[in-house]
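This note is offered to a colleague who will examine the coordinates independently. Please read the points below alongside the structure.

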Amino acid sequence: MHDSILLFGATGDLAQRYLFPSLLHLLRDRLLPENFRVVAIGRTQHDDDGFRAWLRERIDEGDGYSGALDDLLSRIRYHALNLNDTEAMAAALAPYADRPAVSYLSTPPNLFEPACRGLKAAGLLEPPSRLVLEKPIGHDLASAREINATLRAALDESRIFRIDHYLGKAPVQNLLPLRFGNTLLEAVWDNRCIESVDIVVAETAGVDGREGYYADYGALRDMVQNHMLQLLALVAMEPPAALDADSIRDEKRKVLRALRPMTAADAASDSIRGRYGPGVVEGRAAQGFKADSAVETFVGLRAWIDNWRWAGVPFRLATGKRLPSRTTEVLINFKPVTHWLFDRPNARGATPNRLRMRLQPEETIELGLMGSLAAPEWGATELMPMSLDMAMLPPKRRIAYERLMIDALKGDQTLFVRDDEVEAAWRWIDSISAAWQQAGTPVHEYPAGSWGPNGAEAFLPRTVGAPSGRRG
């Protein structure tokens with residue numbers, strides 16, 4: 001395990017909310033090397049003591065952290081650097097090339113290239129040092145290819161770690177054991193038994209503080225291109241030959257390459273766009289999102305995977321800001337029973353089996369079945385939906401970034417995204433952007449606190465956000 005991390009973007013929101021707290025938790029639990037050090041790089045002018053004082057005010061020490069925060073702060077050195085100044089970067093950071101390091105770029109993608117030049121000049125990208133990058137990896141396929149070419153010129157792919165923090169979530173990691181560790185599920189995991197798949201990421205938060213970024217990216221590029229397509233790939237992938245990083249990522253890439261490109265003729269039926277306006281979310285008034293560009297904060301898509309396993313099965317993807325509840329779930333909808341024997345309900349009223357995997361806010365796995373509670377004296381058997389709750393009450397989960405930081409320090413790429421995955425995902429996203437432009441697909445306004453614009457229900461499962469099975 002490497003014992004040195006260079007954290008770029010150290011004064012940014014991500015570093016304050018997740019990266020430094022993750023390091024604090026790992027250090028408290030003695031999961032980091034004894035001589036572990038942090039080199040923090042930001043734009044704000046601080047000396048070491050000034051940055052430590054600034055960071056102390058922004059980290060909740062919490063119960064059980066006695067002394068851990070002091071320990072973390074004592075290990076931090078801070079540099080205010082302009083990443084476009086290669087010579088200044090090399091001079092300031094070269095002393096830290098005395099041992100292998102992980103450089104973590106929590107920066108906008110336009111700074112990836114100059115940061116790589118500075119790190120290379122400082123000797124911090126030589127083997128076995130590693131590089132971690134936050135999303136987004138580009139804005140489209142062309143820019144993603146440029147970034148990947150820049151990275152490959154600086155170091156080989158085996159030492160590049162592209163983060164998608166959804167892959168660090170424990171329930172996402174459970175998708176593979178759930179599928180491939182259970183004969184019951186793997187035997188019916190194809191188009192013979194599955195009618196459709198829903199993947200929903202709903203957020204109550206808006207784009208506050210990220211207006212400039214969102215005006216350029218929108219929900220399609222911000223959420224679908226990475227988080228949602230990674231979930232789709234894990235649900236749809238073939239069994240890997242082994243559980244090593246390349247075997248798993250090979251199978252995910254095959255799924256992404258099999259996604260049918262969207263055309264202008266399909267845009268109206270297979271997609272919908274929306275932008276939230278004023279409304280009420282969780283009892284509080286919310287302002288609408290205004291942007292000069294035609295950018296969406298809600299997107300619904302119907303994706304088709306053109307391979308033997310999934311031919312004809314629609315994958316419905318829906319994500320949005322300022323929705324009524326915060327939830328992330330995957331819903332597998334099975335086909336109805338081929339021959340229905342019962343009078344109550346009749347075949348049209350029967351509820352097909354569903355497997356629901358909720359990732360947040362709570363982690364649950366539910367299998368929806370039909371059963372009867374009728375006593376023997378009843379004259380007929382009446383079926384009703386029943387839920388087999390397979391949720392476990394695990395010990396307190398580590399946040400995703402803790403797991404991913406440990407893996408980057410160890411050199412395990414299993415939960416990171418490879419260059420060809422990124423490019424395959426962008427290829428499909430670009431087809432949607434082109435289809436929208438050619439078809440003139442509008443962005444419909446929806447009230448904050450609703451489930452999206454009119455027509456969004458075609459892309460949302462009836463169970464989303466409501467345990468009772470009804471949308472709010």
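The numbered points below take up a sheet, three helices and selected residues in turn.

1. The model is predicted, and the remarks that follow should be read on that basis.

2. The sheet is open and consists of 9 strands in the order 16-15-14-13-7-12-11-8-17, with mixed pairing. Its edges are occupied by strand 16 (383-389) and strand 17 (444-447); each has a single partner strand, so one side of each lacks a neighbour in the sheet. On average, neighbouring strands are turned by 20° against each other, direction ignored.

3. Within this order, strand 7 (residues 194-202) pairs with strand 13 (residues 327-334) in the antiparallel sense, over 8 bridges. In general, the strands of a sheet pair through backbone hydrogen bonds, in either a parallel or an antiparallel manner. The position opposite Ser196 is taken by Asn333 of strand 13.

4. Helix 14 (residues 419-439) packs on the sheet. It touches strand 8 (271-277), strand 11 (298-304) and strand 12 (314-320), and its direction makes about 115° with that of strand 11.

5. Is Glu423, a residue of helix 14, buried or exposed? Its relative accessible area is 14%, and because the limit for a buried residue is under 20%, Glu423 counts as buried. Its side chain forms a polar contact of 3.0 Å with the side chain of Asn148. When neighbours within four places in sequence are set aside, Glu423 is in contact with Leu141, Arg145, Asn148 and Arg152.

6. Helix 6 spans residues 141-154 and includes Ala142. Ala142 has a relative accessibility of 47% and therefore counts as partly exposed. A separation of 40 Å lies between the C-alpha atoms of Ala142 and Arg75, which are 67 residues apart along the chain.

7. Helix 1 (residues 13-28) contains 16 residues. From its first C-alpha to its last it reaches 22 Å, close to the 22 Å expected at 1.5 Å a residue. The helix nevertheless has a kink of about 30° at Leu19, shortly before the proline Pro21.

8. Where does burial occur in helix 1? The buried residues include Ala15 and the run of Leu19, Phe20, Pro21, Ser22, Leu23, Leu24, His25, Leu26 and Leu27. The kink position, Leu19, is thus listed among the buried residues, as is Pro21. Just after helix 1, Arg30 adopts a positive phi of about 60°.

How values were computed:
Residues are numbered from 1 along each chain as its sequence is written. This is a predicted model: local features need pLDDT of at least 70, side-chain atom pairs count only at pLDDT 80 or more; totals for chains, interfaces and linings use all residues. Side-chain values use heavy atoms; hydrogens and water are left out. Helices (H or I, at least four residues) and strands (E, at least two) are DSSP runs, numbered from the N terminus. Buried means under 20% relative accessible area, exposed over 50%, partly exposed in between (1.4 Å probe, protein chains only). Two strands pair if DSSP finds at least two bridges between them. Axes are lines fitted to C-alpha atoms, for helices over the stretch in contact, and angles run from 0 to 180 degrees between N-to-C directions. Contact means heavy atoms within 4.5 Å. The expected span of a helix is 1.5 Å times one less than its number of residues. The bend at a residue is the angle between axes fitted to the seven residues ending there and the seven starting there. A polar contact is a pair of N or O atoms within 3.5 Å; within protein, one must be able to donate a hydrogen and the other to accept it, and residues adjacent in sequence count only if both atoms are side-chain atoms.
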